[in-house]
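I am opening a notebook page on a structure that is new to me. I will begin with burial and then follow a few strands.

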Amino acid sequence: QVQLVESGGGLVHPGGSLRLSCAASGFTLDRYDIGWFRQAPGKEREGVSCISSSGGTTYYVDSVKGRFTISRDNAKNTVYLQMNSVKPEDTALYFCVADRGNTVQDMCLIPRFPSNYDYWGQGTHVTVSS
């Protein structure tokens, strides 16, 4: 089955850390740029961080710079989002997408409906609360 599956979400205290994983099955991730997006209740979808197929180019939204790190392990067909120093405003559904044809900056800056990407996952919930 061709799919992206996110994992690693959960409840975390402010200032804590989480590592989200985006694992691909049925296809090879190394040909795709990968983006992590989030959507909180009542808010618009937001591009959090995106990484090029080689891993050589990354993009972060200003609100997570210095706190989140995106990385990929093409041998494991997985992309990660390390979230440190989390804040309550990071609470959202986080999902990953795989796509080709745009810069990673455009990928993150212009969120599209998930089905408009080559592949997308169902998401994992992150709740930051004391």
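Entry 1, burial. I looked up how much of the protein is covered, keeping in mind that this is a predicted model, and found that buried residues make up 44% of its 130 residues. I also noted the exposed surface, which comes to about 6,500 Å², with carbon and sulfur atoms supplying 47% of it.

Entry 2, overall build. I read off one helix and eleven strands, and from the N terminus on the elements run β-β-β-β-β-β-β-β-β-α-β-β. The radius of gyration is 13 Å, close to the 14 Å that the globule rule gives for 130 residues, so I take the protein to be as compact as a globular protein of that length. Along its principal axes the C-alpha trace spans about 40 × 25 × 25 Å.

Entry 3, contacts. I considered contacts between residues at least 6 apart in sequence, and 60% of these join residues at least 24 apart.

Entry 4, strand 5. I then turned to strand 5, residues 46–51, where five of the six residues are buried. Strand 5 runs antiparallel to strand 4 (residues 33–39), to which five bridges join it, and it also pairs in the antiparallel sense with strand 6 (residues 58–60) over three bridges. Which residues are the bridge partners of Cys50 in these two pairings? I found Gly35 for the pairing with strand 4, and Tyr59 in strand 6.

Entry 5, hairpins. Between strand 4 and strand 5 lie six residues, and in this hairpin Gly42 takes a positive phi near 80 degrees. The hairpin of strand 5 and strand 6 has six residues between the strands, and there Gly55 takes a positive phi near 85 degrees.

Technical notes:
Residues are numbered from 1 along each chain as its sequence is written. This is a predicted model: local features need pLDDT of at least 70, side-chain atom pairs count only at pLDDT 80 or more; totals for chains, interfaces and linings use all residues. Side-chain values use heavy atoms; hydrogens and water are left out. The radius of gyration is taken over C-alpha atoms; the globule rule is 2.2 Å times the number of residues to the power 0.38. Buried means under 20% relative accessible area, exposed over 50%, partly exposed in between (1.4 Å probe, protein chains only). Contact means heavy atoms within 4.5 Å. Accessible areas come from the Shrake-Rupley method with a 1.4 Å probe; for residues, only the protein chains shown count as cover. Two strands pair if DSSP finds at least two bridges between them.
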